[in-house]
Amino acid sequence: MSENKAKVGNVKSRVKLVANPPPWPDGKRCAVAFTFDEDAESILHLAHHKNASNLVTSMSMLQYGPRVATPRILTLYREFGLKQTFFIPGWCIEKYPNLVDAILRDGHEIGHHGYIHEHPNELSYDREEYWLCRAIDVFERYTGSRPIGYRAPSYRFSRNTLPLLLKHGFRYDASLFGDDVPYLLSNGNSWLVELSTHYAMEDWAHYMVARDLNYMMPIKAPSHAIEVYRSEFDSAWRHGALWITVWHPFLSGRLARLEAISDLIEYMHEKGGVWFATLGEIASHIEKLVETGAWSPRVEVFPQYPTPIPELENGL
Ligand code: ZN
């Protein structure tokens with residue numbers, strides 16, 4: 001009986017639930033990245049091209065992101081000494097150049113997030129490449145460099161996205177939900193680093209109400225949303241995993257919600273052993289581990305299904 005008893009009690013801390021976590025820099029327990037997607041009103045124009053200017057309340061809700069929320073997010077990051085990653089559609093970079101300057105001035109990273117938040121998996125290869133390159137061009141003009149990281153708008157990663165990212169020199173993607181730790185996406189010849197997350201790390205599920213965009217999520221208290229994020233963080237900390245948020249300034253940058261985020265960052269600092277990094281820094285760390293053979297991540301080779309499966313060729 002005593003033997004059985006010895007096996008229970010804080011089992012989750014003792015067992016290895018992540019099979020092969022990477023070594024993080026300086027012996028840190030886990031890696032944390034707060035990523036914000038600065039979609040602004042691009043999503044309203046995409047959904048309601050001709051009528052967008054008549055949806056004034058929705059427009060103001062989305063513009064709150066770049067105009068009000070992001071400057072205060074930058075203030076909070078300065079207070080904590082954090083450098084983080086913002087994914088911004090090319091169209092929003094053109095629309096809000098001063099904001100882009102402020103983000104870069106504070107040493108943050110900007111990642112590629114489409115041009116007008118178009119959905120790659122609804123486009124042909126050629127159209128997907130057209131919008132990808134149009135946004136790369138904007139990047140080069142406004143930031144002085146090419147983006148190395150990508151997040152597909154609305155996670156609409158297509159069967160053509162990986163070959164296109166490899167062709168255009170991207171080094172990491174942050175669109176998929178496939179693991180708790182970084183892994184590699186390969187086309188058989190070359191690879192890039194996948195830094196995946198999942199819906200629990202989103203703010204959409206907790207806060208997104210927009211009649212004009214057909215989202216009517218029940219609004220949650222910031223304490224509820226933070227409880228979800230903190231649970232994920234505590235587990236990542238115990239098991240050496242990667243914790244990446246997908247937040248939006250117009251949602252999570254609202255006052256009470258950002259105050260709750262501030263408390264969460266303090267909680268992480270108090271817990272200790274956390275590597276706060278941009279996704280670009282995390283991708284570089286993983287590349288170095290792979291190149292030196294210090295750690296071998298899981299590799300997923302694409303395309304996984306070059307054709308639809310034959311079992312269903314004639315229907316059911
Ligand atoms: Zn987005």
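Which residue takes a positive phi in the hairpin of E6 and E7? In this predicted model, that residue is Gly188, with a phi near 100 degrees, and the hairpin has four residues between its strands. Strand E6 (residues 183-186) runs antiparallel to E7, and four bridges join the two. One of the pairings places Ser186 opposite Trp191, its bridge partner in E7. Strand E7, covering residues 191-194, also pairs with strand E5 (residues 172-173), here in the parallel sense and over two bridges. In this second pairing, Asp173 has Glu194 of E7 as its bridge partner.

Attention turns next to the interior. The largest nonpolar core comprises 70 residues, and Ala31, Leu195 and Trp243 have the most contacts inside it. Strand E1 (residues 30-37) gives the most to this core, contributing six residues. Leaving aside neighbours within four places in sequence, Ala31 touches Trp24, Leu242, Trp243, Trp275, Ala277 and Ile282.

Helix H4 makes a good companion to this picture, as its buried residues pack against E1 as well as against helices H3 (42-47), H6 (97-105), H11 (249-252) and H12 (255-271). Those buried residues are Leu62, Gly65, Pro66, Ala69, Thr70 and Ile73. The helix has 25 residues, from 56 to 80, and spans 35 Å from its first C-alpha to its last, close to the expected 36 Å. Along the way, H4 bends by about 45 degrees at Ala69, with a proline, Pro71, following within four residues. Just after the helix comes Gly81, which takes a positive phi of about 70 degrees.

Methods
Residues are numbered from 1 along each chain as its sequence is written. This is a predicted model: local features need pLDDT of at least 70, side-chain atom pairs count only at pLDDT 80 or more; totals for chains, interfaces and linings use all residues. A nonpolar core is a set of buried Ala, Val, Leu, Ile, Met, Phe, Trp, Tyr and Cys residues joined through C-beta atoms within 7 Å. A residue is buried if 20 or more other C-beta atoms lie within 10 Å of its own, exposed if 12 or fewer, and partly exposed in between; C-beta atoms are placed from the backbone. Two residues are in contact if their C-beta atoms, placed from the backbone, lie within 7 Å. Two strands pair if DSSP finds at least two bridges between them. The expected span of a helix is 1.5 Å times one less than its number of residues. The bend at a residue is the angle between axes fitted to the seven residues ending there and the seven starting there.
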